[in-house]
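Student: I have a new model on my screen and would like to learn how to read it. Could we go through it together, one feature at a time?
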Amino acid sequence: LNAVKASYGVGIDTDPAVINEAKATYPRYHFYAGTLADLLIKDTFDYIVLSSITMDCYDVQALLESLK
């Protein structure tokens, strides 16, 4: 998130330790522990960066269609 200089950023990871480190390092962004399916965010984003998520997703097409 920081590399693209997002004005509003959300990060998701299944590892709570990674989330805690991200929150401490980048307090201006919002981080959540869980899976993308668990995340209930109704916001609209200008850009969405998916890093390694497609390898853990059963239906990539449905995932992409569900993003705003």
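Student: Let's begin with the rings. How many aromatic pairs does the structure hold?

Tutor: Keep in mind that this is a predicted model. Two rings are paired when their centres lie within 6.5 Å, and the structure holds 2 aromatic pairs. One of them is Tyr8 with Phe45, a stacked pair with 6.0 Å centre to centre and 15° between the planes.

Student: Where in the chain do Tyr8 and Phe45 lie?

Tutor: Tyr8 is in the segment before S1, while Phe45 is in the loop between S2 and H2. They are 37 residues apart, and the pair links distant parts of the chain. As for cover, Tyr8 is partly exposed at 37% relative accessibility, and Phe45 is partly exposed too, at 22%.

Student: Why is the pair of Tyr26 and Tyr29 called tilted?

Tutor: Look at the angle between the planes: under 30 degrees counts as stacked, over 60 as edge-to-face, and the rest as tilted. The planes of Tyr26 and Tyr29 are at 45°, so this pair is tilted; the ring centres are 6.4 Å apart.

Student: Are Tyr26 and Tyr29 buried or partly exposed?

Tutor: Buried means under 20% relative accessible area. Tyr29 has 4%, so Tyr29 is buried, whereas Tyr26, at 35%, counts as partly exposed.

Student: Now the overall layout. In what order do the elements of the protein chain run?

Tutor: Walk along from the N terminus and note each element in turn. The chain has 2 helices and 2 strands, and their order is β-α-β-α. The radius of gyration is 12 Å, close to the 11 Å that the globule rule gives for 68 residues, so the chain is as compact as a globular protein of that length. Along the principal axes, the C-alpha trace spans about 35 × 25 × 20 Å.

Student: What share of the residues in the protein chain is buried?

Tutor: Buried residues make up 15% of the 68. The chain exposes about 5500 Å², and carbon and sulfur atoms supply 54% of that area. You can also ask how far apart in sequence the contacting residues are: among contacts with a separation of 6 or more, 28% are between residues 24 or more positions apart.

Student: Could you show me one buried residue? With which residues is Leu63 in contact?

Tutor: Leu63 lies in helix H2 and is buried, with a relative accessible area of 10%. To read its surroundings, set aside the neighbours within four places in sequence; Leu63 is then in contact with Leu36, Leu50, Ile53 and Cys57. Another handle is the C-alpha distance: Leu63 and Ala37 are 26 residues apart along the chain, with their C-alpha atoms separated by 8.8 Å.

Student: And on the surface, which residues form a nonpolar patch?

Tutor: Ile48, Leu50 and Leu64 form one, with about 230 Å² of accessible area together. Residues in a patch need over 30% relative accessible area. Ile48, for example, has 39% and is partly exposed; this residue is found in the loop between strand S2 (30–33) and helix H2 (60–66).

Student: One last item, on the backbone. What is the phi of Lys5?

Tutor: Check the sign as well as the size of the angle. The phi of Lys5 is near 55°, a positive value in a residue other than glycine. You will find Lys5 in the segment before strand S1 (10–13), and at 62% relative accessibility Lys5 counts as exposed.

Conventions. Residues numbered from 1 in each chain as written. Predicted model: local features only at pLDDT ≥ 70, side-chain atom pairs only at ≥ 80, totals over all residues. Heavy atoms only, no water. Patch = residues over 30% accessible without salt bridge, like charges linked within 9 Å, V, L, I, M, F, W, Y side chains within 5 Å. Areas by Shrake-Rupley, 256 points an atom, 1.4 Å probe, with all protein chains shown as cover. Salt bridge = Lys/Arg side-chain N within 4 Å of Asp/Glu carboxyl O. Helix = DSSP H or I, 4+ residues; strand = E, 2+ residues; numbered from the N terminus. Buried < 20%, exposed > 50% of the residue type's maximum accessible area, 1.4 Å probe, protein only. Rg over C-alpha atoms; globule rule 2.2 N^0.38 Å. Contact = heavy atoms within 4.5 Å.
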